[in-house]
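I opened the notebook with the sequence on one side and the fold on the other. Here is what I looked up, entry by entry.

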Amino acid sequence: MTWQARIDATLSAREASHSLRRRVVCTPAPGGALVHQGVRYRNFSGNDYLGLSQHPALIAAWQQGAQTYGVGSGASGHVSGYSDAHQSLENALAQWLGFDRALLFISGFAANQAVVAALMQQPDRILADRLSHASLLEAASLSPATLRRFAHNDSAALATLLDKPCDGLTLVFTEGVFSMDGD
């Protein structure tokens with residue numbers, strides 16, 4: 001089988017099972033909305049819940065930052081991409097949250113990967129709600145810890161898993177608002 005034949009067969013199977021995803025062109029609108037084919041929708045599908053990406057003060061601050069620092073770091077923070085702006089933001093966040101320090105990550109996905117990789121070891125276990133974000137589940141799968149998933153929002157199922165002995169530490173994954181279905 002050629003690569004193209006495999007790709008075509010996979011796409012056909014996904015289309016037949018109604019699981020083929022297609023991108024939809026949307027235009028951001030003020031207040032956290034999206035416009036698709038002329039219709040305005042409230043956007044609960046992304047991570048701009050408060051519509052701050054369209055806030056005039058934040059746009060102005062972004063423009064000022066681009067004028068001062070350029071439009072890219074040029075390198076990772078470990079090389080030469082860590083600036084006084086990053087340090088100031090980390091310090092302000094730490095103070096606001098009441099901690100000694102804060103650490104910025106490029107995304108929540110990267111933060112989840114890094115924290116799980118740094119904390120979890122071979123005898124540890126991770127107990128994850130079945131609908132936990134993909135970044136948490138991927139981080140757990142890549143870690144040396146054992147991953148066990150429990151039924152969505154089922155505290156009794158979690159309690160059953162917690163009652164089982166573990167030679168290491170236990171980390172539980174759950175969310176305040178589940179991105180997969182919104183509950």
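**Entry 1: helix 5 and its sheet**

I started with helix 5 in this predicted model, and asked which strands it lies across. I found helix 5 across strand 4, strand 5 and strand 6, and its direction makes an angle of about 145° with strand 5.

Next I looked at the sheet under that name list. I read it as an open sheet of three strands in the order 5-4-6, paired in parallel. Strand 5 (146–150) and strand 6 (170–173) are the edge strands; each has a single partner, so one side of each has no neighbour in the sheet. I noted an average twist of 20° from one strand to the next.

I then checked how strand 4 and strand 6 are joined. They run parallel and share four bridges. One pair I wrote down is Arg125 with its bridge partner Thr170 in strand 6.

**Entry 2: the largest nonpolar core**

Which residues make up the largest nonpolar core? I listed 10 residues in all: Val116, Met120, Ile126, Ala128, Leu136, Leu137, Ala139, Ala140, Ala145 and Phe173. Strand 4 (125–129) and helix 5 each give at least two residues to this core. The largest share comes from helix 5, with four residues.

I followed one of the core members, Ala139. Leaving out residues up to four places away in sequence, I saw Ala139 touch Asn112, Gln113 and Val116.

**Entry 3: Ser135**

I stayed with helix 5, which spans residues 134–142 and holds Ser135. Is Ser135 buried or exposed? I have Ser135 down as buried, because its relative accessible area is 1%, and the cut-off for buried is under 20%.

Who packs against Ser135? Setting aside neighbours within four places in sequence, I found contacts from Ser135 to Phe109, Asn112 and Gln113. Asn112 and Gln113 had come up for Ala139 too, so I marked both in the margin because Ser135, itself buried at 1%, also contacts them.

**Entry 4: the antiparallel sheet**

I moved on to the other order I had noted, 1-2-3, an open sheet of three strands with antiparallel pairing. Strand 1 (27–29) and strand 3 (39–42) stand at its edges, each with a single partner strand, so one side of each lacks a neighbour in the sheet. On average, neighbouring strands here are turned by 35° against each other, direction ignored.

As a reminder to myself, strands of a sheet pair through backbone hydrogen bonds, in either the parallel or the antiparallel sense.

I took the pairs in turn. Strand 1 and strand 2 (residues 33–36) run antiparallel and are joined by three bridges. From strand 1 into strand 2, I matched Pro28 with Leu34 and Ala29 with Ala33. The hairpin between these two strands has three residues between them, and there Gly31 takes a positive phi near 80°.

Strand 2 and strand 3 are also antiparallel, with four bridges. I matched His36 with Val39 in strand 3. This hairpin has two residues between the strands, and Gln37 takes a positive phi near 50°.

**Entry 5: salt bridges**

How many salt bridges does a search of the whole structure find? I got one. It joins Arg22 and Glu15, with the closest N and O atoms 2.6 Å apart.

I also checked how open the two partners are. Arg22 counts as exposed, at 60% relative accessibility, while Glu15 counts as partly exposed, at 43%.

**Entry 6: the whole chain**

Last, I stepped back. I counted six helices and six strands in the protein chain, and from the N terminus on they run α-β-β-β-α-α-α-β-α-β-α-β. The radius of gyration is 21 Å, well over the 16 Å that the globule rule gives for 183 residues, so the chain is more spread out than a compact globule.

Taken along the principal axes, the C-alpha atoms fill a box of roughly 55 × 50 × 40 Å. Of the 183 residues, 17% are buried. Among contacts with a separation of 6 or more, I found that 39% link residues 24 or more positions apart.

Technical notes
Residues are numbered from 1 along each chain as its sequence is written. This is a predicted model: local features need pLDDT of at least 70, side-chain atom pairs count only at pLDDT 80 or more; totals for chains, interfaces and linings use all residues. Side-chain values use heavy atoms; hydrogens and water are left out. Buried means under 20% relative accessible area, exposed over 50%, partly exposed in between (1.4 Å probe, protein chains only). Contact means heavy atoms within 4.5 Å. Two strands pair if DSSP finds at least two bridges between them. Axes are lines fitted to C-alpha atoms, for helices over the stretch in contact, and angles run from 0 to 180 degrees between N-to-C directions. A salt bridge is a side-chain nitrogen of Lys or Arg within 4 Å of a carboxyl oxygen of Asp or Glu. A nonpolar core is a set of buried Ala, Val, Leu, Ile, Met, Phe, Trp, Tyr and Cys residues joined through side-chain atoms within 4.5 Å. The radius of gyration is taken over C-alpha atoms; the globule rule is 2.2 Å times the number of residues to the power 0.38.
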